[in-house]
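Open the model in your viewer and keep the selection panel at hand. The stops below go from one selection to the next.

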Amino acid sequence: EFGEDEGDESDLVIRPPVVTVMGHVDHGKTKLLDALRNANVVDKEAGGITQHIGAYQVATEVDGNDRRITFIDTPGHEAFTAMRARGSKSSDIAVLVVAADDGVMPQTVEALNHAKAAGVPIVVAVNKIDKPDADPTKVRGQLTEYGLVPEEYGGDSMFVDVSAKSELNLDKLLEAIVLTADASLDLRANPTQDAQGLVIEAHLDKGRGPVATVLVQRGTLRVGDSIVAGPAHGRVRAMIDEHGDPIEQADPSRPAMVLGLSAVPGAGQNFIVVEDDRMARQIAEKREARERAANQARYRVRRTLEDFMASMEKGESQELNLILKGDVSGSVEALEDALAKIDVGDEVSLRVIDRGVGAITETNVDLAAASDAIIIGFNVRPQGKATELADREGVEIRYYTVIYQAIDEIEAALKGMLKPEFEESTLGQAEIRAIFRSSKVGNIAGCMVIDGVIRRNAKVRVIRDGAVVANNLDLASLKREKDDASEVREGFECGLVLRNFQDIKEGDIVEAFEMREIPRG
Ligand code: GDP
């Protein structure tokens, strides 16, 4: 399933499974996707040409019922991997294509592991059975060793012998997909809510501007809806299906090509429908800024530290300049004292060239740029155009909320082995728009999630005028409308109560974050 839907049980209707085709190169993924599209695409007009829009839906009959299946039409697991890396689940089922003459190959195993890691059931298409040297029994034996035991051997994986070339047994494959979905998944969605989903692929079309194929995961997407897709926004001007025909709406699991976006979003990014164009633009701008900052931060960290280490190796610069900014003077002093105690030997020197209390300003960034310094922000955030300037100048800003973590990292950098174990990642931000005083639960913040997602179990901080006024807080409650929510996404309103912190004001930003362990090696 794709997550929570709004509404009651009775609002949920069955939706088609979304399928990715994976397997070793040359085993017939593309050919199979083509064959399935040509033979079964829904409502195909006689002789009509289908369009490659990145995904398509086919119709089939199982036990006398009309059933549909959505195929992601980008063979290989690149798209799948890209989407997983973004934390979005693109498919319900994986079809693992294995050529019956070649048998299990390295990428077969890789694909299988990807699907397993994603918790996605696998249907095996044993392809090329038209070939004289095809040995489907061998394939079954090989895959059994990887835990995919065919039903006919008492296991619970469905294997179907097919030929994409001769279009043999394609119906059986479709049936196996439907049966697997029915047996192990509860695929239902609420078509009445605002649409949400994923971008499958997108490009810039000369005549039509940015076009994006989206997969609707919840709700129904309609022409005229205001949407945000990745960092792009706009109003859905038109939607086109896999036959190149215009459609007015797309229900859950339906792919559609969307026209009317301001920019080209990336594959795997999500889209949401929001109240109006203004909101769409606001959210898109935030997303873009966040994305830019994230990219730049990665780039800067690598470059700055590599530069520093390289120059150390060459015996050039042996000085690391720092600018310290903190929320209160006590923390800046504590940081500076602790840094002074770092023993890095004689070759290297650490210099704090400036320090101060308050948000990181453009002046700080200017100075850092002029002196090759790194800015350390302790419980503070940049103000105004400081981030933009830092991006432009290639100035590294590192943020910390825990003193020893700042010390550890700087020490490690000086010793040429920077490897933080934990990295903070921002989940999202909500703006406090109203405050309700309750004698029972304390002050309830009526918020609009303006970026990312707020999770019930995340850590949060409160930011006021660019400075952190409270940090490392827990949520005492998170509600969407009247119900407790485990998470609330951008574009939605929520009510939240902070544990042990009541001093909130309208306009405050509640930022949710988590500490992620950084994988080694
Ligand atoms: P992909 O790399 O997995 O996408 O593989 P392709 O779909 O490009 O197929 C690789 C080659 O195998 C092509 O030359 C296809 O024509 C051929 N091929 C694919 N399916 C079959 C099949 O069922 N039977 C035979 N004989 N050849 C096939």
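Which strands does helix α3 lie across? Select residues 106-117 for the helix: α3 lies across β2 (18-23), β5 and β6. Relative to β2, helix α3 runs at about 150°. Bear in mind throughout that this is a predicted model.

**The sheet**

Next, select the strands. They form an open sheet of 6 strands in the order β3-β4-β2-β5-β6-β7, and the pairing is mixed. At the edges stand β3 (55-62) and β7 (158-161); each has a single partner strand, so one side of each is left without a neighbour in the sheet. From one strand to the next, the twist averages 30°.

Now restrict the selection to β5 (residues 93-99) and β6 (residues 122-127). These two strands run parallel and are joined by 6 bridges. For one pairing to inspect, pick Leu96, whose bridge partner in β6 is Val124.

**A helix across the sheet**

Add residues 170-184, which make up helix α5. This helix lies across β2, β3, β4 (65-72), β5, β6 and β7. Its direction is at about 90° to β3.

**The ligand**

Move to the ligand and show the residues around it. There are 16 of them, and those that come nearest are Gly28, Lys29, Thr30, Lys31 and Lys165. Which helix gives the most to this shell? Select residues 29-40: helix α1 does, with 3 residues. Colour the shell by residue class and it divides into 7 charged, 6 polar and 3 nonpolar residues.

**A helix pair**

For the last stop, select helix α8 (residues 362-371) and helix α9 (residues 386-393). Their axes come within 8 Å and cross at roughly 15°. The two helices α8 and α9 are therefore roughly parallel to each other, and the crossing of α8 past α9 is right-handed. To see the contact, show Glu362, Asn364, Val365 and Ala369 on α8, together with Ala386, Leu389, Ala390 and Glu393 on α9. By class, the residues of this contact of α8 with α9 divide into 5 nonpolar, 2 charged and 1 polar.

Key: Residues numbered from 1 in each chain as written. Predicted model: local features only at pLDDT ≥ 70, side-chain atom pairs only at ≥ 80, totals over all residues. Near = placed C-beta within 6 Å. Helix = DSSP H or I, 4+ residues; strand = E, 2+ residues; numbered from the N terminus. Nonpolar A, V, L, I, M, F, W, Y, C, P; charged D, E, K, R; others polar. Axes fitted to C-alpha atoms, helices over the stretch in contact; angles between N-to-C directions. Parallel < 35°, antiparallel > 145°, perpendicular 65-115°, else oblique. Left-handed = near helix turned anticlockwise from the far one by under 90°. Contact = placed C-beta atoms within 7 Å. Pairing = 2+ DSSP bridges.
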